[in-house]
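Welcome to a short set of worked exercises. Please take a look at the model, then try each task before reading its solution.

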Amino acid sequence: MVDPDEVNALAQLMTWKTAVANFPYGGAKGGIGCNPRELTVSELERVTRVFTQKIHDLIGIHRDVPAPDMGTNSQTMAWILDEYSKFHGYSPAVVTGKPIELGGSLGREAATGLGVVFATEFLLDEYGMSIANMKFAIQGFGNVGSWAASFIHQKGGKVVAVSDITGAVKNPNGIDIPALLKHKEKAYSLKDFEGGDAMNLNDVLVHECDVLIPCALGGVLNKENAADVKAKFIIEAANHPTDPEADEILSRKGVIIRPDIYANSGGVTVSYFEWVQNIQGFMWEEEKVNYELKRYMKRAFSDIKAMCHTHNCNLRMGAFALGVNKVARATVLRGWEA
């Protein structure tokens, strides 16, 4: 359940993330302390509308633009838009991640997962590798994990282990991802999938693979399990999945980590594109959305590499140094320095 410390930390991460991605957003975060799985659709709508009534003067097209995160979806954003519009008139650019029919962007639903795959491709390319025939373990099979798994499967990668809160599946020859998606859609669970063997949920993080992609909660990689991680590369699709102690252990082992403030920035980048489209009143084709996403992420990767070279540091420090430097430079230019 969300708490103030987590919200503050995520707001700070979002500040650096948008700076790294190089578009004109700051960083903010908010949430409601509840378990959406325990609420009916009617209850979720009422909670969302009351929340919007409380914050409608704090958000705005050029002030604070909410986007979906854990426990929310396009329907949630539609309710926020409708409630906000009661106070301020119809304003589609006030939220992103909306349904297409209400001004949402094509490609937004898959954006974070696709961005994770772009981040993976760029990193592997640095080492003369590609996604094809590499073995992947994916922890979390919600929106981000399922899209990432689908794109990896399409590109010839072998997803050998997958987990979510309902169960975990492994197959050393590679899981048939389209079949797993159909099974989950029908059974609402990963359990009893015939295309693989069941495994312990926590074992996915330490499963034999080339690339580990944590796509769920923060802090899943810690001092208790970091030493047992077998992956050579970690792509942080979740926010803050690696705690500082685990980060140190993994670095000593030579594991290459693509940090969250870059790896999972696909969602907020396409949220920015959606905001731009709403302001212009001109919607893009999905091909353009995906092309621009790849271009933005490629440029950010080049900027991070340059920062790593300048400061002789790892990818996490390079990404944070890039984000903090951009914010500091903007602060100085506006005359805010102490």
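The exercises below deal with one helix and two loop residues.

This is a predicted model, in which local features need pLDDT of at least 70, side-chain atom pairs count only at pLDDT 80 or more, and totals for chains, interfaces and linings use all residues. Residues are numbered from 1 along each chain as its sequence is written, and side-chain values use heavy atoms, leaving out hydrogens and water.

**Exercise 1.** Compare the expected span of α10 with the distance between its end C-alpha atoms.

*Solution.* Start with the term: helices are DSSP runs of H or I with at least four residues, strands are runs of E with at least two, and both are numbered from the N terminus. The expected span is 1.5 Å times one less than the number of residues. For the 26 residues of α10 this gives 38 Å, and the end C-alpha atoms are 38 Å apart, so the two values agree.

**Exercise 2.** Which residues of α10 are buried, and what covers them?

*Solution.* Buried means under 20% relative accessible area, exposed over 50%, and partly exposed in between (1.4 Å probe, protein chains only). The buried residues include V289, L293, Y296, A300 and I304. Contact means heavy atoms within 4.5 Å; among the covering elements are α1 (4-21), α4 (111-126) and α11.

**Exercise 3.** Where do D192 and N312 lie, and are they buried or exposed?

*Solution.* D192 sits in the loop between α6 (177-187) and β4 (197-198), has a positive phi near 65°, and is exposed at 71%. N312 comes just after α10, with a positive phi of about 50°, and is exposed at 73% relative accessibility. Its loop joins α10 (286-311) and α11 (315-333).
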